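Student: I should like to learn how to read the features of a model of this kind. May we go through one together?

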Amino acid sequence: QQDYTSAVDMWSVGCIVAELLDMLDTLQIPPSQRRALFPGRSCYPLSNSSESGAKDTEQLSVIFDVLGTPSDLDISAVPEPRARAKLSKETRRAPVEPLSARFKGAPSDLLALVARLLLFDPVKRATCAEALSDACFL
């Protein structure tokens, strides 16, 4: 069994906050054009990849399209050897679109917090206390 830490929850908070950014009046995104930050077709291991037509690792690719691939340093921190090897084989890529371009007009301090919540390495990710004390909430 793998260790479940609050860092997983903070990743979820980052996803939710990013999706809430679509609702900011300053961005003027019509409800029909709002989209999930990491849209996917499967929910491994809950969905069978043969049923959805998606690979089990498709969601990682979607995340890497948005955030870019993790650095070698971040990959080296992954404790599971098979996962580390798979990540090392990923083609390096930069984000398709920076968060600031996707959420034009969003407060820069809030975008910075979202970026800290969506860091690949859970040790580097903002904690709950750090997020709540962030400048965007003061």
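The dialogue below takes up confidence, fold, burial and one helix pair.

Tutor: This is a predicted model, in which local features need pLDDT of at least 70 and side-chain atom pairs count only at pLDDT 80 or more, whereas totals for chains, interfaces and linings use all residues. Residues are numbered from 1 along each chain as its sequence is written, and side-chain values use heavy atoms, with hydrogens and water left out.

Student: Which elements have the lowest and the highest mean pLDDT?

Tutor: pLDDT is the predictor's confidence in each residue, from 0 to 100. Where it is low, the predicted coordinates should not be read in detail. Helix α2 (residues 49-52) has the lowest mean, 52, and helix α8 (residues 128-132) the highest, 96. For the protein the mean is 86, and 88% of residues reach 70 or more.

Student: How many helices and strands does the protein have?

Tutor: Helices (H or I, at least four residues) and strands (E, at least two) are DSSP runs, numbered from the N terminus. The protein has eight helices and zero strands.

Student: What share of the residues is buried?

Tutor: Buried means under 20% relative accessible area, with a 1.4 Å probe and protein chains only. Of the 138 residues, 30% are buried.

Student: Which residues join α1 to α7?

Tutor: A contact means heavy atoms within 4.5 Å. Met10, Trp11, Val13, Gly14, Val17, Ala18 and Leu21 of α1 meet Leu110, Leu111, Val114 and Leu117 of α7.

Terms used. Buried means under 20% relative accessible area, exposed over 50%, partly exposed in between (1.4 Å probe, protein chains only).
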